[in-house]
Amino acid sequence: MKDIIRLLPDPVANQIAAGEVIQRPASAVKELMENALDAGATQIQLIIRDAGKSLIQVTDNGSGMSETDARMCFERHATSKITTAEDLFAIRSMGFRGEALASIAAVAQVELKTRRHEAETGTMIEIEGSSVIRQEPCACQPGTSIIAKNLYFNVPARRNFLKSNASETRHIVEEFQRIALARPDIAFSMHHDGFEVFRLKPGNLKQRITGLFGSNYAERIVPVSEETTILNLSGFVLKPEFSKKTRGEQYFFVNNRFIKNGYLHHAVTDAYENLMPHGAFASYFLFMDLDPSRIDINIHPTKTEVKFEDEKSIYAILRAAVKRSLGKFSITPSLDFDQETSFNIPVRMYNEVPKQPVININPGYNPFRDQDAAPVKPRTIGWEKMYEAALRRDSVEPSPSLLPDIPVAPACRVLGQLNNSLIVAMMNQELILIDQQAAHERIIYERNFDRLTHQPQVSQQDLFPQTLQFTHADFVLMQELQDDIRKLGFDIREFGANTFVLNGIPAGIEKGKEKDLIEGILESYKNFNSSLKNQAKENLLRSVAFNLSVKAGKPLDIREMQQIADDLLACRQPGLSPAGKPTFVTVTVQEIEKKFQQRQ
Ligand code: ADP
Ligand code: MG
């Protein structure tokens with residue numbers, strides 16, 4: 001038999017590597033910006049079009065490259081940053097694998113212009129799918145400018161895999177923020193589809209944080225600083241009273257490289273213990289400087305994971321330092337969080353696979369319908385199954401015959417409220433306990449589901465027009481959601497750079513909180529997003545339901561409770577909240593009698 005093993009041709013090998021290194025437009029942005037940093041630039045400009053899908057351009061005033069280097073830089077494993085294996089233990093540069101440009105050039109149409117400061121002319125190279133199309137001398141500024149067009153133009157499967165513009169832009173902004181935070185001494189700008197998204201002057205870290213996240217951060221953060229033999233720690237943490245209901249900002253940098261580390265995140269969270277409401281998130285911008293030989297950054301192609309030699313000690317130092325800062329600078333940590341707006345549904349429900357408590361519930365149980373029908377036996381199903389089933393059902397448009405019969409007389413009599421969160425009612429000789437928030441979410445969800453699918457007239461109340469300013473990522477998200485949001489009764493229009501104007505809100509919503517409401521909806525949307533891939537409408541409906549619902553902890557009067565009970569029982573799916581949580585439980589007389597017997 002003939003020998004069959006061959007070396008892969010370079011373009012193929014590069015494309016394979018690209019799959020790992022350049023997963024999405026944001027990865028190309030990261031690699032190009034890091035190269036600019038490594039080249040010693042003091043000004044870096046990012047321009048993207050169409051969420052980076054059609055164009056990414058990074059221009060820097062760094063060292064520039066010679067003609068030969070300009071050609072070499074697109075070769076795989078071509079790097080100027082390390083020469084020997086020992087160098088791997090002393091890395092201070094951002095890049096070192098020599099894979100990024102080769103990967104980008106394998107899957108995009110790339111144009112490079114570069115000039116060394118001392119050279120009179122520069123070099124221009126056009127390269128597409130790893131083949132050089134043109135190389136010639138050119139006139140250009142000292143430094144380097146790289147344009148990557150039509151990412152994955154030659155890998156359609158991969159291109160189709162890219163997410164919505166909102167989602168890809170969010171990733172790009174996230175990378176930009178990580179890099180800009182790491183180097184407050186450098187000027188950065190970012191433009192998207194002609195809009196200026198960021199313009200950041202060189203300054204200190206605090207100025208950089210406010211430049212990126214808003215001037216109100218100036219009063220909200222406190223400094224952290226600690227010098228030890230293992231590492232030097234510096235940065236800022238958000239005062240607990242400003243902690244976010246949703247993820248917030250969590251930034252660790254090791255030797256100026258952004259990293260993710262769940263263990264160290266825990267150390268910081270632990271330092272906030274008892275200072276934040278349950279379910280809130282700490283925000284932090286923390287920089288650790290330590291001897292590069294004590295860490296290993298080589299374990300992941302995109303290098304956001306780092307292994308530490310002394311992880312336990314670092315944990316202890318972090319926790320103690322953050323704790324001290326919070327104690328020192330937060331004179332009166334406020335423990336009194338507004339129940340109205342706090343996250344009452346445990347966030348973990350959306351973010352991780354929950355444990356599987358087994359609950360006795362019949363999700364389709366509608367006590368009204370059961371009056372004449374034979375009782376439906378409760379089924380025992382796992383939490384996850386219930387959740388999935390609810391999702392499936394909700395994404396299917398109900399046929400008209402399934403619509404509930406309008407009840408003639410309310411068969412459910414509300415008796416009172418328990419623990420400001422449960423509605424106690426009586427019905428058909430059973431005691432029924434309704435979770436007010438879960439129930440209200442279900443009601444709002446179904447009402448809005450109909451609005452999105454049948455497009456009926458939605459009654460609206462006019463507002464004095466309000467402009468809403470968004471971060472760029474949120475703006476792009478709003479652009480994507482605006483049609484659906486309008487159908488739900490929000491009269492909202494695009495209004496220039498990163499701005500929307502709000503002219504009306506759905507009837508029945510308290511005026512004065514519109515801005516918080518819209519922001520809350522976006523926050524929830526982003527938070528739920530991870531668990532609900534490709535289900536934008538479903539996600540929006542849930543976010544709106546969550547943000548408009550009466551929260552647990554809110555005292556209600558009998559009339560309000562009766563309304564919720566009646567509305568819930570008129571739902572198509574009264575037994576579950578949109579997130580799959582039971583909305584009510586029943587207690588039968590027999591069950592109560594049994595309890596009495598046990599007491600005897
Ligand atoms: P790495 O950064 O891991 O070395 P890259 O593929 O990102 O690998 O870049 C290859 C080489 O090209 C770098 O080592 C550097 O010498 C050169 N290079 C890339 N981008 C720039 C830039 N913006 N300015 C100057 N040189 C650059
Ligand atoms: Mg690089």
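Where is the place of Ile22? I started my notes there: Ile22 is in the loop between α1 (10-21) and α2 (25-38). One reminder to myself before going on: this is a predicted model.

**Ile22, continued**

I looked up the accessibility next. Ile22 has a relative accessible area of 0%, so I put it down as buried. Then I checked a partner far along the chain. Glu99 is 77 residues away from Ile22 in sequence, and I get 9.8 Å between the two C-alpha atoms.

**Ligand 1**

Which residues are closest to ligand 1? I find Asn35, Thr79, Ser80, Lys81 and Gly98 as the closest, out of 19 residues that surround the ligand. I sorted that shell by character and got seven nonpolar residues, eight polar ones and four charged ones. As for the site itself, ligand 1 sits in the second largest pocket.

I then went through some polar contacts. Gly98 has a backbone N or O atom 2.7 Å from an oxygen atom of ligand 1. Leu101 also takes part through its backbone, with a polar atom 2.9 Å from an oxygen atom of the ligand. With Thr144 I had to look at the side chain: one of its polar atoms lies 3.3 Å from a nitrogen atom of ligand 1. How much of ligand 1 does the protein cover? I noted 92% of the 530 Å² of accessible area that the ligand has on its own.

**Two positive phi values**

I went looking for odd backbone angles. As background, most residues other than glycine have a negative phi. Ala51 goes the other way, with phi near 55°. I located Ala51 in the loop between β1 (43-49) and β2 (55-60). Is Ala51 buried or exposed? Its relative accessible area is 0%, so I count Ala51 as buried.

Tyr152 is another one for the list: not a glycine, yet its phi is positive at about 65°. I place Tyr152 in the loop between β6 (143-149) and α5 (156-160). Tyr152 comes out at 2% relative accessibility, which is under the 20% cut-off, so Tyr152 is buried too.

**Gln250**

I moved on to strand β11 (residues 250-254), where Gln250 is found. What does the side chain of Gln250 reach? I see it going to the backbone oxygen of Ala282, at 2.6 Å. For burial I had to mind the cut-off: Gln250 has a relative accessible area of 19%, and buried means under 20%, so Gln250 still counts as buried.

**Ile125**

Ile125 belongs to strand β4 (residues 122-128). I wrote down a relative accessible area of 1%, so Ile125 is buried. I also checked Ile125 against Leu112, which is 13 residues apart from it along the chain; the C-alpha atoms of the two are separated by 5.2 Å.

**Arg183**

Last entry. Arg183 lies in the loop between α6 (165-182) and β7 (187-192). Why do I not call Arg183 buried? Its relative accessible area is 24%, and buried needs a value under 20%, so I list Arg183 as partly exposed. I also looked up its separation from Thr42: the two are 141 residues apart along the chain, with 9.6 Å between their C-alpha atoms.

Conventions:
Residues numbered from 1 in each chain as written. Chains lettered and ligands numbered in written order. Predicted model: local features only at pLDDT ≥ 70, side-chain atom pairs only at ≥ 80, totals over all residues. Heavy atoms only, no water. Near = heavy atom within 4 Å. Polar contact = N/O pair within 3.5 Å; in protein donor to acceptor, adjacent residues only side chain to side chain. Areas by Shrake-Rupley, 256 points an atom, 1.4 Å probe, with all protein chains shown as cover. 1 Å grid on protein atoms, 1.4 Å probe; cavity = no way out; pocket = protein on both sides within 12 Å on 5 of 7 lines; lining within 4 Å. Sits in = over half its atoms within 2 Å of the grid points. Nonpolar A, V, L, I, M, F, W, Y, C, P; charged D, E, K, R; others polar. Helix = DSSP H or I, 4+ residues; strand = E, 2+ residues; numbered from the N terminus. Buried < 20%, exposed > 50% of the residue type's maximum accessible area, 1.4 Å probe, protein only.
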